[in-house]
Amino acid sequence: MSRLPSTEVLRYTAFSADPDGGNPAGVVLDASGLDDAAMLSLAAELGYSESAFLTAPDGRGGYTVRYFSPKAEVPFCGHATVATAIALAERDGPGDLLLATAAGTVPVTVTRDGDELRATLTSVEPQVFDIGPEDLAEALAALDWPATDLDPALPPRIAYAGARHLVLAAATRERLADLDYDFARLEALMHRLDLTTLQLVSRESATVFHVRDPFPVGGVVEDPATGAAAAAFGAYTRELGLVPDDAVLTLHQGADMGRPGTLTVELRPDDTRIRVSGTGTRIG
């Protein structure tokens, strides 16, 4: 099926109130007339790291949502979820949403603070896994990072909160800023390990981190602000006891790309799920 002439494609950025900051996403609030090929084609045409496609509103704030990168469908995408929630809030008003994704059900709440809308998503149940030494060595080789440039206080792990991400911590902000990786080599490893991005981090303080996310499996060199990886990282920090059970983390991402954004990650002691919030705005 080709894209219908009436299909409305919105463009939003997430995790920034500045259209030139954060991570852009395509949002189609009514994708009922699109098949898989049409959604993938539209996502490729937009060229954003992901686009969200909504179908089957239930009249009670519930929607089915699918996410496509320019190369493939992904099970969950945080920044496109935030963008979608803000687009719906601009149309219908702030409030609670329930999004059925391939990874599971994701509640989202949108609130208004002055002129800004802020969306908070609650992840699916997270998990954290070890990574084998050979796979870690291959990841570092693809990045051209010596193992001595890693921060020993934040050991490598694979973390999941809707999608799988390899968390690697750089010992310095300068190491994180110097990113020039082997696209094909890293893509091959990520396909083998079923990774969506690498969550590369540098710790500024107890609860403030700088992050970058290579995304070659999506056909994108780097993702400017990555909500799914932020949720996975929140689970990682709790699993390893790096922060308290009731921590609020601030993640700065996109500055090295000229698209700065801020992601807020909340951990609650009575809930193993991770909450990720941020602002957003329409582009154009």
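## Strand β17 and its partners

Two strands count as paired if DSSP finds at least two bridges between them, and in this predicted model one such bridge, within β17, links L267 to its partner I274. That bridge belongs to the pairing of strand β16 (residues 261-268) with β17, in which the two strands run antiparallel and are joined by 5 bridges. β16 and β17 also form a hairpin, with 2 residues between them.

Strand β17 has further antiparallel pairings, including one with strand β8 (residues 116-122) over 5 bridges, where T120 has S277 of β17 as its bridge partner. Strand β1 (residues 10-14) likewise pairs with β17 in the antiparallel sense, here over 3 bridges, and A14 of β1 is matched with G280 in β17. Of the 12 residues of β17, which spans residues 271-282, 9 are buried, so the strand is largely enclosed by the rest of the structure.

## Two loop residues flanking α6

T226 is found in the loop between β14 (220-223) and α6. Is this residue buried or exposed? Its relative accessible area is 5%, and because buried means under 20%, T226 is classed as buried. Leaving aside residues up to four places away in sequence, T226 touches T197, D213, Q253 and L263.

L242 lies in the loop between α6 (227-239) and β15 (248-253). With residues up to four places away in sequence again not counted, L242 touches A153, L154, R203, Y236 and T237. For one of these contacts, that with A153, the separation is 89 residues in sequence and 8.6 Å in space, taken from C-alpha to C-alpha.

## The largest pocket

The largest pocket in the model has a volume of about 220 Å³. It is lined by 17 residues, of which V74, P75, D194, L195 and T196 are the closest to its centre. The elements that contribute two or more residues to this lining are strand β5 (73-74) and helix α5 (183-193).

Which classes of residue make up the lining of the largest pocket? When the lining is divided by class, 9 of its residues are nonpolar, 5 are polar and 3 are charged.

Notes:
Residues are numbered from 1 along each chain as its sequence is written. This is a predicted model: local features need pLDDT of at least 70, side-chain atom pairs count only at pLDDT 80 or more; totals for chains, interfaces and linings use all residues. Side-chain values use heavy atoms; hydrogens and water are left out. Helices (H or I, at least four residues) and strands (E, at least two) are DSSP runs, numbered from the N terminus. Contact means heavy atoms within 4.5 Å. Buried means under 20% relative accessible area, exposed over 50%, partly exposed in between (1.4 Å probe, protein chains only). On a 1 Å grid over the protein atoms alone, a cavity is a set of points where a 1.4 Å probe fits but cannot get out, and a pocket is an open set with protein on both sides within 12 Å along at least five of seven lines; lining residues have an atom within 4 Å of a point. Grid points are joined across faces, edges and corners, and a volume is the space filled by probe spheres set on the points. Ala, Val, Leu, Ile, Met, Phe, Trp, Tyr, Cys and Pro count as nonpolar, Asp, Glu, Lys and Arg as charged, and the others, Gly among them, as polar.
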